[in-house]
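Got a new structure open and wondering what the labels rest on? Let's go through some of them together.

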Amino acid sequence: MNGPHLHAGGRRPSAKNSPSAGHRPALFSTWALRERGGAHRIVIVGGGAGGLELAVHLGEALRKRQHRGTPAEVLLVDASLTHVWKPWLHELAAGTLDGHDAGVEFLQQARRHNFRFHLGTLESLDRQQHELWLEPLVGEDGQEIAPRRAVAYDTLVIAVGSIVNDFHTPGVAEHALALNSAADAQRFHRRLLAECARAETKSDGPVQIAIVGGGATGVELAAELMESVRDIAGLGTELSQEPQPVQMRLIESGARLVGALSEDISREVQADLHRRGVEVLTGRRVTEVAAGHVVLDGHEVLPAALTVWAAGIQGPRVLEKLGGLELSKQRQLLVRDTLQTTRDADVFAMGDCASCVTEPGAGPVPPRAQAAQQEARYLAGALLRRLEDQPVAGFRFHDRGSLVALGSHDAVGRILGRAGRGLRLQGLMARWAYWSVHHAHMVRLQGALRTAVDQLGSWLNGRSQPRVKLH
């Protein structure tokens, strides 16, 4: 169903233009925004797969139309200086992600693609003043670099991603690690190296790791860690003598792993992990996380020097401070099929932090990288039409399938064609398809030639460096 008439001033649609009134394009009016004069400022908060691609698309499009229509500028805000492909955080955590693939610099992307970049963390939103507030910028030494500050916007796009949902489980915040960001993944890797060193020096058995959550993140991390810990152990003397240098437990409360995929793929994933030595516990719920162990329902205690929480997602807490915008039960911003938030037509949301239902009776768009990228392409066109007061149809998600990586040389999943027909992939072919998704993302950011050169450099670097990062 197409969206309603939505005006930039944030007024509620009239009854005849409500979502239930029929199928018609939405009209993005900008009359109220032009009262300020100057360039129309589009601010994007969050430089993930969707947010960065949106900035690139818009920046390039605005470069081509500099002398036509309403003048506009794009400002991207992110808490980091580097963009990292989130589906590869498990490889960064395991230490197997090559440096050439670890990320791209936002400032370099901004210079190349005609947008501006601002380093900062979203704190709150003043919708009446059309201003977002950023937290004080603090350096590693604890010294303040920049004070709390405001950034004005005409159109705002929230793309801050998601965090794990701990379901109020005791001890998760204090004792479990999550992979919400590149910083989290790097923190986990340092902890992993420390635990391997402890096991090596104390000779007290394998490294005990518990992963809570049997979705794609948990499964991919388990497979990658089995390989990386074996590589790390092989460089020592004591840990290398262990028949199994790591004891890995993957705990899933549901009946099977990767529930978003078909049952046959789920069975194959579980069989593959079993062959690698991962102990899979399905239908079990973690009731508490403590230092050195996790507690399951039934009061069963399992040792765990490292616990990773990868069970479910929710929106970041900052979404509760955005001027009363409507949230879902998972703390995601509720948006119309135009990706405009339900209470403010000047504020859009996309990616994991948004809950968008595009068809009556359908579920929300799934929180996947491919959905964020499709939303980025949609919004790039929609926001340009907004500058010209042109109507636009609502967003539609096209599922291209899902792939799950199982270590460095294996993957399994299904890709879907435009007619909805599926092709099951497994092994090296599936791994190549998994890699190609990231490759396409990089081509959109930096072009085919530069991406090819980077890939060649990555391959040459890998010939002379250890597979696992040891620092």
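What follows is a set of questions and answers about this predicted model.

Q: How do you know how far to trust the protein chain as a whole?
A: Look at the pLDDT, the predictor's own confidence on a scale from 0 to 100. Its mean for the protein chain is 86, and 86% of the residues reach 70 or more.

Q: Where is confidence lowest, and where is it highest?
A: The low end is strand β1 (residues 6-7), with a mean of 36, while strand β13 (residues 155-158) tops the list at 98. Residues 1-25 stay under 50 throughout, though the model gives them 61 contacts beyond four places in sequence. Residues 27-35 also stay under 50, with 37 such contacts. Where pLDDT is low, the predicted coordinates should not be read in detail.

Q: What makes up the secondary structure of the protein chain?
A: It comes to 10 helices and 30 strands. As for packing, 51% of the 471 residues count as buried. Among contacts with a separation of 6 or more, 64% are between residues 24 or more positions apart.

Q: Why is the link between E91 and R431 called a salt bridge?
A: The cut-off is a side-chain nitrogen of Lys or Arg within 4 Å of a carboxyl oxygen of Asp or Glu. For E91 and R431 the N to O distance is 2.9 Å, so the pair qualifies. E91 sits in helix α2 (residues 89-94) and R431 in helix α9 (residues 428-446), so this pair links parts of the chain 340 residues apart. A search of the whole structure finds 24 salt bridges.

Q: Are E91 and R431 buried or exposed, and what makes them so?
A: Buried means under 20% relative accessible area. E91 has 7%, so it counts as buried, and R431 has 14%, so it is buried as well.

Q: What does the salt bridge between R276 and E227 tie together?
A: The side chains of R276 and E227 meet at 3.1 Å, N to O. R276 is in helix α7 (residues 263-276) and E227 is in helix α6 (residues 216-233), so the bridge joins parts 49 residues apart in sequence. With relative accessible areas of 15% for R276 and 17% for E227, each is under the 20% limit and therefore buried.

Q: Why is R275 called exposed?
A: Exposed means over 50%, and R275 has a relative accessibility of 57%, so the label fits. R275 also forms a salt bridge with E268, with their closest N and O atoms 3.3 Å apart.

Q: Which residues are linked with R275 in a network of salt bridges?
A: The network takes in E227, E268, D272, R275 and R276.

Q: How do you know that the length of helix α5 agrees with what is expected?
A: Helix α5 (residues 182-202) has 21 residues, and at 1.5 Å a residue it should span 30 Å. Its end C-alpha atoms are 30 Å apart, so the two agree.

Q: Which parts do the buried residues of α5 pack against?
A: They pack against α2, β15 (207-212), α6 and β21 (306-309). The buried residues of α5 include F188, H189, L192, L193 and C196. Just after α5, S203 takes a positive phi of about 50 degrees.

Q: How much of the accessible surface belongs to carbon and sulfur atoms?
A: The accessible surface of the protein chain comes to about 21400 Å², and 52% of that belongs to carbon and sulfur.

Key
Residues are numbered from 1 along each chain as its sequence is written. This is a predicted model: local features need pLDDT of at least 70, side-chain atom pairs count only at pLDDT 80 or more; totals for chains, interfaces and linings use all residues. Side-chain values use heavy atoms; hydrogens and water are left out. Helices (H or I, at least four residues) and strands (E, at least two) are DSSP runs, numbered from the N terminus. Buried means under 20% relative accessible area, exposed over 50%, partly exposed in between (1.4 Å probe, protein chains only). Contact means heavy atoms within 4.5 Å. Accessible areas come from the Shrake-Rupley method with a 1.4 Å probe; for residues, only the protein chains shown count as cover. The expected span of a helix is 1.5 Å times one less than its number of residues.
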